[in-house]
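Could you walk me through this model, with the cut-offs spelled out as you go? I would like to see how one helix is packed and where the prediction is less confident.

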Amino acid sequence: MDLEQKAIERVRTASEMSLALYGSPLVVTDSGGKDSAICREIVRRAGIPYEVQHNLTTADAPQTIYYLRENFKRLEQSGIPCQINYPFYKGERATMWKLIPIKKFPPTRIQRYCCQILKEGGGMGRFIITGVRWDESVKRKSNRGIFENFTKDPGKKLILNNDNDERRLLFENCSLKGKRICNPIVDWKDRDVWEYIESERLPVNPLYEMGFFRVGCIGCPMAGKIRWKEFSLFPTYKHAYIRAFDRMLDCIHAGGSKTRWKTAEDVFLWWMEVEQVEGQLKLEDFEEWRSENGKQMELE
Ligand code: SF4
């Protein structure tokens, strides 16, 4: 069976489960990236009912927002319900820029609180389709399967395979406790993704044409040095982070905590992993700094 057909079979199975367990169609979560574009096409070709949702991170590039708007308009015209999920934190509308002062430290590779709040909020109580792929990350490869039961407790996480009827029964028994996830292209390689996009002429986010390899928040700490390029193309986002770091320092000082950072620019350079800045914290210092200030810092 070819990759496309296998993915179609997977979403058809997920669709049956979604309708039986939740009484509602699958939800394709659309990040605006290439993998989401393929998932949208796969569910369309599967001929199943579905909806599309986007979790607004508030730090996406304008190109991503325009691209999503266009897609949503087109999908809604063909009768597919689309929804933007606005992020909330402790009952209030959240943005990346509000979260940084609240959390009192910048988002980092080891503290991705922003993802949890800005990107993982939607889809609760639904069966969702994501474009997660093993090829994309070693961590994802060890953690994610074709079918997942999303729960905050990793010990309770179920990684299920749709070939196993017995386990599907177990799946049904846990039906109302959280969202289920199907990753229909989890085993696609990068090459498969680009070949499919090209052969099927799928429109993708214009950021790829601008040389981006990944589509996510501008300044995402997971992007490493590529952030310099992002900030040179989108300087407004750099200024937004610096303003947020400034407010973060005010909050740290107001709470009576100590910090080696003197200015918001110091924080920015540390966050961008620039070395040899006076008073600079290294990433290794971060855990120590957190534990020293742990009582004043809000980690959840
Ligand atoms: S900045 Fe990166 S880690 Fe944070 S929400 Fe965006 S994608 Fe997730």
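Here is a short tour, starting with the confidence of the model and ending with the ligand.

This is a predicted model, in which local features need pLDDT of at least 70, side-chain atom pairs count only at pLDDT 80 or more, and totals for chains, interfaces and linings use all residues. Residues are numbered from 1 along each chain as its sequence is written.

The protein chain averages a pLDDT (the predictor's confidence in each residue, from 0 to 100) of 83, and 77% of the residues score at least 70. Among its elements, helix 2 has the highest mean pLDDT, 98, and helix 7 (residues 165–173) the lowest, 33. Helices (H or I, at least four residues) and strands (E, at least two) are DSSP runs, numbered from the N terminus. Two stretches deserve some caution; contacts here are pairs whose C-beta atoms, placed from the backbone, lie within 7 Å.

| Stretch | pLDDT | Contacts beyond four places in sequence |
|---|---|---|
| Residues 155–177 | under 50 | 27 contacts |
| Residues 295–300 | under 50 | nine contacts |

Now to helix 2, residues 34–46. Its end C-alpha atoms are 19 Å apart, which agrees with the 18 Å that its 13 residues should span at 1.5 Å a residue; the expected span is 1.5 Å times one less than the number of residues. Of those 13 residues, 10 are buried, meaning that 20 or more other C-beta atoms, placed from the backbone, lie within 10 Å of a residue's own. Cys39, Ile42 and Val43 are among the buried ones. Their cover includes helix 1 (3–21), strand 1 (26–29) and helix 8 (190–199). Just after the helix, glycine 47 takes a positive phi of about 70°.

The largest nonpolar core has 27 residues, and Val11, Leu26, Val28, Ile42, Val43 and Ile129 have the most contacts inside it. Helix 2 gives the most to this core, with six residues. Such a core is a set of buried Ala, Val, Leu, Ile, Met, Phe, Trp, Tyr and Cys residues joined through C-beta atoms within 7 Å. Leaving aside neighbours within four places in sequence, isoleucine 129 touches residues including Val11, Cys39, Val43 and Pro184.

Finally, the ligand. Among the residues surrounding it are Thr57, Arg112, Lys119 and Cys220, with nearness meaning a C-beta atom, placed from the backbone, within 6 Å. The shell divides into eight nonpolar, two polar and two charged residues; Ala, Val, Leu, Ile, Met, Phe, Trp, Tyr, Cys and Pro count as nonpolar, Asp, Glu, Lys and Arg as charged, and the others, Gly among them, as polar.

Key: Buried ≥ 20, exposed ≤ 12 C-beta atoms within 10 Å, placed from the backbone.
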